[in-house]
Amino acid sequence: MKQFQTLLYILLISISCTQEKEVVVTGGNQHPNLILTTKSVSEIKSKLGAIPVFDETLSVAKATVDAAIQKGIDVPIPKDMAGGYTHTQHKLNYANMQKAGVLFQLLGDDKYAIYIRDMLLAYAKMFPTLPRHPQIRSYARGKLFWQCLNDSNWLVFTSQAYDCIYAWLPKEQTDYLNKTLFRPYADFLSIETPKYFNRVHNHSTWGNVAVGMIGLVMDDDELINRALYGLNKDDVDLSAKDNDGGFIFDKDGKAGFLANVDSPFSPDGFYTEGPYYQRYAMYPFLIFAEALQNKKPDLKIFEYKDGVLIKAVDALLNLTDADGEFFPLNDGQKGMSYYTSSLVSAVDIAYYYGNQDPRLLSVAKKQGTVQLDATGLKVALALKEGKEKPFVKESMELSDGSKGDEGGIGILRYNNTEETMALVYKYAAQGLSHGHYDKLSFSLYENGDEVLQDYGLSRFVNVEQKNGGGYLKENKTYAKQTIAHNTIIQNEISHFEYKYDLGSKNHPEKYIFDVYDTNFQIVSAKEKNAYPGTEMHRTMIMIKDEDLKKPFIVDINKIQANTKNQYDLPFHYFGQIISTSFDYKIPNKLKTLGDKYGYQHIWNEASGKANAESIQFTWLDNRRFYTLTSATNKNDELILARVGANDPEFNLRKDPSIIIRKKNTQNTVYASIIESHGTYDPVKEVAVNAYSNFSKIEVIQDNANYTALKIHFKEGKEKTIILSNLDSSQSKEHSLNINNKNYSWKGSYYYK
């Protein structure tokens, strides 16, 4: 490694000394001044060859761009959807131009500037001739791409490349590019497409930033103000919706970059669309903030809304499992992680402009790459000096809503040297058009593996064969529906009848979040609007018992309704069924569970009656045994189900679930224990602790004021849990008699 760094240093210095061109001031303003600055370029060049992570990142960028230059410039006429040739080529072009701009500034080799110039001239020749994209799939079709979102990506990255060669270009060429390509492109994305530009949404954030970035390069105050504050808002249709069914215009008339910082982020930094789209939006949010800080420091953008952009990076990193993969809340592709390039940028910028949190360095070290600017340099130098500290993800709550008053996400975690467990409980707002209809849903992880899953989205991003890489129809017919989540469904109808207008007006209310005692962590919330006349109150507890190696989960769903209904509670697991305590029958012919709200996509593979006051269901996944122990009525139905019905193009995963169904019921309580309790070694062919640690769970009292459970361990130990259903105060004193036994305690819950 040391020899490699020395050789790289000699190469970089050689290129700089022999080929560097003097960068001059044009129009009274120095360039670059957007992301790279003349000051940061000088500092970086003085340290090249002695900063391992930065040097390696630069070397990779150089190899990539050199190969692109060797291949030649290709600016095809747009025609394809995501994943297609023209779409992919234009993406490569803007990525390579941005890297080439950095290489020109740091290495001084004119070939990189020439590459960018020739590419831009090709685009400038083509752009005036382009109609909107021929693929009519988006409410906001772009020019180079099928949707304006991707055109905005192009302009955000290309603006950085343009800034890097602006002073190198003759004035007649910058005037030509400004007039023929860049100003028209900014107007197209904004004035000509107001439904796209004037939204509060991750798409519009990219649009605002695209216009703002090129405005900063060209010193165009009109474009900068348009980016920050949006367009004139007269004559807008507040009922207009996008392709995902969400409202296009904000009901309060908010628009522009600052509105997109104000509205979707909670004070804790949670982004209402969910972590997948927060990850996507963090690049434009932070790269524009960095550019504004460099060119307009008086804005103090990193202090805006109490520093929420820096908080958002911490929140996003905490919304990952043990492997760094984002929890797929709302529309989210599984497998997306903090190793993505947008999070490299986010971590570096947050470290530089925040308080130099050493925990961020441990994430940067895992990422193994940095942003090629002053922020990446600072991170690389800190890593060289060994300043990193572990980023330990603790239990935490993240509020939702602009003011933090629209529910939230509760994460209960258990960490030790051998095991990690995370329970993610969602009692958040709708999440704009990417939101799912899954109030009070949860997912469970062990050592980074999903145990009980949130389905995520139905889409193959950038896979052309699958609907051009866009969302599949099953995203609406299944993935967003309530039955695709681990939560209550009433009468086989999704929450809010799958109506965005209703869902976006309501949110659950937090009841309890208390993780002070790491052996008894509790989160509780209520939902009163998903089904008119029905209140759902779900409480989830992570308990670490001294006699058990791992923690277990207690799940309590209390339902109060005005009428009798059918209730379904699915648990979406992975793996193989090992045993059940109930009998079931397998039908001769598979039938679906229903005909709409996602039920049409689910096969009923087997079903049976509980015929007991408590049932158990054990499965094996990732060489670990899990058991669901649930209190039941004898007539409760247990359904073994699997996704895949009415899916002729095989767009859905064939995932299994167990559904506990209660028919003709008004008020009830679902009470369950979820535990990880053993392992299987296929090499030794040995099963260890393959049986549950519990014999049953029972509801010993339930009324409007209190719900009480008794947990029975197999070795004879018993534990009682009592919840105060109406008073969450931690100072209130309670006294209750259950089965001739008195219980007294202080606070909203009892456990002993």
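**Exercise 1. Which residue of β23 stands opposite H712, and how does β22 pair with its two partner strands?**

Solution. Step 1: in this predicted model, H712 stands opposite E718 in β23.

Step 2: a second pair between these strands is I711, which stands opposite K719 in β23. Strand β23 covers residues 718-724, and seven bridges join it to β22 in an antiparallel arrangement.

Step 3: now take the other partner. Strand β21, residues 694-702, is also antiparallel to β22, again over seven bridges. Here K696 is the residue opposite H712. H712 therefore has E718 of β23 opposite it, and K696 opposite it as well.

Step 4: look at the connections. Three residues make up the hairpin link from β21 to β22. Between β22 and β23 the hairpin has four residues, and G716 in that turn has a positive phi of about 110 degrees.

**Exercise 2. In what order do the strands of this sheet lie, and which stand at the edges?**

Solution. Step 1: the sheet is open and has four strands, in the order β21-β22-β23-β26, paired antiparallel.

Step 2: β21 and β26 (749-751) each have a single partner strand, so each has one side without a neighbour in the sheet; these are the edges.

Step 3: on average, neighbouring strands of the sheet are turned by 10 degrees against each other, direction ignored.

**Exercise 3. Sort the residues of β22 by the way they point, and state whether they are buried or exposed.**

Solution. Step 1: one group consists of Y706, A708, K710 and H712; T707, L709, I711 and F713 point the other way.

Step 2: both groups are buried. For the strand, residues 706-713, the count is eight buried of eight, and β22 is mostly covered.

**Exercise 4. What is the span of helix α12, where is its kink, and why is the helix described as largely enclosed?**

Solution. Step 1: α12 runs over residues 275-295, a total of 21 residues. From first C-alpha to last it reaches 29 Å, close to the expected 30 Å.

Step 2: the kink, of about 35 degrees, is at A281, shortly before the proline P284.

Step 3: buried means under 20% relative accessible area. In α12, 18 of the 21 residues are buried, so the helix is largely enclosed by the rest of the structure.

**Exercise 5. Where is T487, is it buried or exposed, and which backbone oxygen lies 2.7 Å from a polar atom of its side chain?**

Solution. Step 1: T487 sits in the loop between α17 (474-479) and β6 (489-490).

Step 2: its relative accessibility is 1%, so T487 counts as buried.

Step 3: the backbone oxygen is that of K439, 2.7 Å from a polar atom of the T487 side chain.

Step 4: leaving aside neighbours within four places in sequence, the contacts of T487 include D438, K439, L440, S441, H495 and R538.

Step 5: S579 is 92 residues from T487 along the chain, and their C-alpha atoms are separated by 23 Å.

**Exercise 6. Where is H572, and which backbone oxygen does its side chain reach?**

Solution. Step 1: H572 is in the loop between β11 (565-571) and β12 (576-580).

Step 2: with a relative accessible area of 4%, H572 is buried.

Step 3: its side chain reaches the backbone oxygen of I483 at 2.8 Å.

Step 4: not counting residues up to four places away in sequence, H572 touches I483, A484, H485 and N486, among others including Y478 and P656.

How values were computed: Residues numbered from 1 in each chain as written. Predicted model: local features only at pLDDT ≥ 70, side-chain atom pairs only at ≥ 80, totals over all residues. Heavy atoms only, no water. Expected span 1.5 Å × (residues − 1). Bend = angle between axes of the 7 residues up to and from the residue. Buried < 20%, exposed > 50% of the residue type's maximum accessible area, 1.4 Å probe, protein only. Pairing = 2+ DSSP bridges. Contact = heavy atoms within 4.5 Å. Polar contact = N/O pair within 3.5 Å; in protein donor to acceptor, adjacent residues only side chain to side chain. Axes fitted to C-alpha atoms, helices over the stretch in contact; angles between N-to-C directions.
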